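User: Pick out one loop residue in this model that deserves a close look, and walk me through its backbone and surroundings. After that, set it against the rest of the chain, so I know what else to click on.

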Amino acid sequence: MNERHLILIKDYIKEINEIENTGKKGFSANVFPLKNGNILVIPGEQGEERYPYGEGGYNFWVYASGYMHANDGLFSTFLRPTPGEDPKCAFFADVEGEVISLLHVPVLSGADNIKRYTVFAEKEAFFITLFKGMIFAVVVSVSGDNDMTFDMYAVNKGKDKVNVKLSSYFNPYLRNSIYESSEDKWFRRAMVTDNASSSLKSFVFIINEDLSRTESVSNFGVINRCFCLGEGSLYKGEKLTTSMSKYKGGINHSLMNIRDSLNSFMEQEVCAFTETAVAADLVSYEIGGASFVNLTEQLRYTVGEKEETAYEKLLSMKECHNVSEESCDISIDFKSDTEDPKEGSLDADIMTSFAGHLIKQVEFCSMIKGYVQLSPNSLIGIRDVFQALEGYIYINPRAAKEKMLEALGFIGPDGRCPRQYAIPSHEGMAPNMDLREFIDQGCWVIDCIMSYIKLTGDYGFLHKECGYYEIVDEGARLTRKSEKTDSVLMHMIRITDYLIDKQDPDTGCIRAMYGDWNDALDGLGVSKDPGVKFGNGISVMASLQVYKNLRDMVKLLYDSGEYTEKIKRYEKAADDLKEGLIKNAVIKDEKGNARIVHGWGQDRSYYVGSFSDPDGLSRHGLTSNAFWVLSGIEKEASMKDVILSSYDALDSQYGFKTFEPAFGRDVRGVGRIYKLPAGTAENGASYIHATTFAIMSLFMLGESEKAWEEIRKILPFTHANLSCSPYVMPNSYGFNPDLNIDGESMQDWQTGSSNVIFKTLVRFVFGFMPDFDSLTICPGVFAPFEVMTADFIYRGKKIRICIRKAEDERRFILNGKAIDSVFDKAMNLRKAELSVNMLKDENVLEVIG
């Protein structure tokens, strides 16, 4: 029994009562921040809040409704139910003959006066149910070894004893697949067995599966069970079944009918072949006055283990409540000078809570093992994971470094990066890869590694060895592991060489190939010649990215004292890129108005994001404008007015749109983007990943107040219409009244918008900008909070940055002593530059004004 759980449950109920009685402001009408950064959700019928648990890329998704599913890459512990379907894990209570669900699902009709709450804590979720003087709770968690623990609590608040039955239902999958087939039950068996370590019996699952034509394995799962009684409470007996149909009351019945079958189901200790085997129980207790019972059930499993060793490992209850602590190098806090903020302003407590969960979101996106979207093509995106890792380096640089090494091992020996990869499920298996040549992939790899080196000074990482994958048959997506290994630095050089090999000799810009970051607009690189794979169409955004990569590579290689010829080649390529972009990417209309285009098709036969696109419309594009600034191609910001004019045209109630106007049907040369409804995703909506690029650029242009205005628009908790979890970033906000779309989002958690808004907070709100030789501190001039505090680690030195508003000129105070600053004309602010020698092991840097 975990006494900590009982204390937390009572504390949560007390805090819930305070929220309900005081009308405390929340993320939304039914989602509130709790103490210690936890989240309270009062389950509703609109949207579905969720939280991921697990470590190292294991995804145990817990929803506020009580739905749960889990996968470790392709291996699924529990499959995801569709909305309205029976959950794979369910929990019920019978209180003196009245049956209730202890989760919001399945929905049972009949019982009144039930109050349900969900609390997402950092490492475990609590489902709290209040009914007839009883407190029920289900606490779910997963260990670092992927052992899943489910604790059921029944607390009697009254003085008289109460007869209560607790029931749980588990339908695990335990197979290398994300979909269930009608044949799976043939290779699945469940049985009840004695367990010497507990007075309660255990459930055992055996799942046989073929990994290949020549290799078959058995996966074993065991649900161990134990209980604890409070003073004056009694255990009265139990019933167990492995038959789904017997537990539900019939083969065509669902868990919504559980009231009819819970007390009458027939026991069955073995189930195989003819129906899907499950694990279900009904345990009877008499709970004394002011007492409790606790039933703990823990799922443990092995993959491909021999039967005798599997049982030896699994048939014991592992320490259930060892909630591990992971390293985190950063914390963020906001404070206001008033407890009654103005209408439409950001609440400091909400913003602080959001920042904590944003850190969790960046970690989640960094450590994925693929199949997050539970689709065969939901692999690990090179651009996705390296962008996330570029944020994660501030949180846990050690784990980020290991993930970078993993991903680098899937790059080709010619420096070509796959669009996506999957980690093979067993030795000798060829990985699933998406080999389409989206030109931007390698740019993010170089950016991420550069940022890691600048932050940590870990130049030894550049000499770490990792491998490659060679393409055997591109059409069949077949690859094989190369015998060649190389240093991280050589991987970077090969990637850079690959990128500049795609430089168009006529314009000096980078060819779009299959596409760039905006992969929905995948038509620019199409060749007019059917026999030629790609034409000479250009991506301006990718060209700007490569320009930045080249400047960083030149600096890195120059400091190494080697690679003289590479440096010369990269310098020339960067000069050609800059000249080509200024000459070709900036166009003017007949009135002399300038615009930075998104790109152009073969032989510049048409432009996108121009005064006259292929559909004859004048169109603005977001990302080329943002990266004109982010790339540093023009330090003097001579294009500022042009860029801000485009931003004005792209602005909306939900932030900057990716394009304005959207693309209609059959627009020549743009690719598949027109297939998306206007006002959704990349096609004329606020696709937040792109929006955050532009917000970064606003800070760099000295427009910090405008940047914060756009930040407020994209934060989910500022919106009336929510379809995703409001305490983390979604990927987009749609708007199309004709389709009844107004602010809804495609998805949350796995989205690049999280790492970019996080990096925006780090680099521009707190102004924490490491470089190769120094650390620049340059917070934006405007911020909507009186005090902002964040903790960072720079090259082993802890730094607390504390920013306070003041009317006088900005001052920097390091460990109690004023330090010099300089004025940055482009960013319109004063900034300070620190060397490592100026820092102690622990430092406080105050920025006043």
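**A loop residue, and where else to look**

Analyst: Start with L174, which sits in the loop between strand 13 (162–170) and strand 14 (175–176). Keep in mind as you zoom in that this is a predicted model. The thing to check is the backbone: L174 is not a glycine, yet its phi is positive, at about 55°. That's worth a pause, since most residues other than glycine have a negative phi. Is L174 buried or exposed? With a relative accessible area of 1%, L174 is buried, because that is under the 20% cut-off. So you have a loop leucine with a positive phi that is also tucked away from the probe.

For a counterpart, go to N815, in the loop between strand 43 (811–814) and strand 44 (817–819). N815 isn't a glycine either, and its phi is positive at about 50°. Its setting reads differently on accessibility: N815 has a relative accessible area of 26%, so it counts as partly exposed.

Hairpins give you two further positive phi values. Strand 41 (residues 787–794) and strand 42 (residues 797–804) are antiparallel and share 8 bridges, with I793 facing K798 of strand 42. Their hairpin has 2 residues between the strands, and R795 has a positive phi near 50° there. Strand 42 has another partner too: strand 47 (residues 842–848) pairs with it in parallel through 7 bridges, and R800 is bridged to V844 of strand 47.

The other hairpin is made by strand 45 (residues 822–824) and strand 46, antiparallel over 3 bridges. D824 is opposite L829 in strand 46. Here 4 residues lie between the strands, and N828 has the positive phi, near 60°. Strand 46 (residues 829–834) also runs antiparallel to strand 40 (residues 775–777), again with 3 bridges; in that pairing I777 is matched with A832.

Which residue with a positive phi follows helix 16? That's G767, with phi near 70°. Helix 16 itself is worth a click: 13 of its 13 residues are buried, so the rest of the structure largely encloses it. Take L761, which belongs to helix 16 (residues 753–765). Its relative accessibility is 2%, which means it counts as buried. Beyond its neighbours up to four places away in sequence, L761 touches I332, F334, M351, L358 and F766. If you want a distance to draw, the C-alpha atoms of L761 and G780 are 9.9 Å apart, with their positions 19 residues apart along the chain.

Now swing over to a loop with another kind of backbone oddity. P106 is in the loop between strand 8 and strand 9, and its peptide bond with V105 is cis, omega being about -5°. There's another cis bond from E660 to P661, with omega near 0°; P661 is in the loop between strand 34 (659–660) and strand 35 (686–687). Most peptide bonds are trans, which is what makes these two worth flagging.

The loop that holds P106 also holds N113, between strand 8 (98–101) and strand 9 (115–120). N113 makes a good foil for L174: its relative accessibility is 72%, so it counts as exposed, whereas L174 is down at 1%. Outside four places in sequence, the contacts of N113 are L130 and F131. From N113 to R175 the C-alpha distance is 40 Å, across 62 residues of chain.

Pulling back to the full view, the chain has 16 helices and 47 strands. Its radius of gyration is 29 Å, close to the 29 Å the globule rule gives for 849 residues, so the chain is as compact as a globular protein of that length. The C-alpha trace spans about 85 × 65 × 55 Å along its principal axes. Buried residues make up 61% of the chain, and L174 is one of the buried ones. Of the contacts with a separation of 6 or more, 67% are between residues 24 or more positions apart. About 33500 Å² is exposed, with carbon and sulfur atoms supplying 47% of that area. As for charge, there are 94 positive and 121 negative charges, and their mean positions lie 1 Å apart.

Conventions. Residues are numbered from 1 along each chain as its sequence is written. This is a predicted model: local features need pLDDT of at least 70, side-chain atom pairs count only at pLDDT 80 or more; totals for chains, interfaces and linings use all residues. Side-chain values use heavy atoms; hydrogens and water are left out. The radius of gyration is taken over C-alpha atoms; the globule rule is 2.2 Å times the number of residues to the power 0.38. Buried means under 20% relative accessible area, exposed over 50%, partly exposed in between (1.4 Å probe, protein chains only). Contact means heavy atoms within 4.5 Å. Accessible areas come from the Shrake-Rupley method with a 1.4 Å probe; for residues, only the protein chains shown count as cover. Lys and Arg count as positive and Asp and Glu as negative; His and the chain ends are not counted. The place of a charge is taken as NZ of Lys, CZ of Arg, CG of Asp or CD of Glu. Two strands pair if DSSP finds at least two bridges between them.
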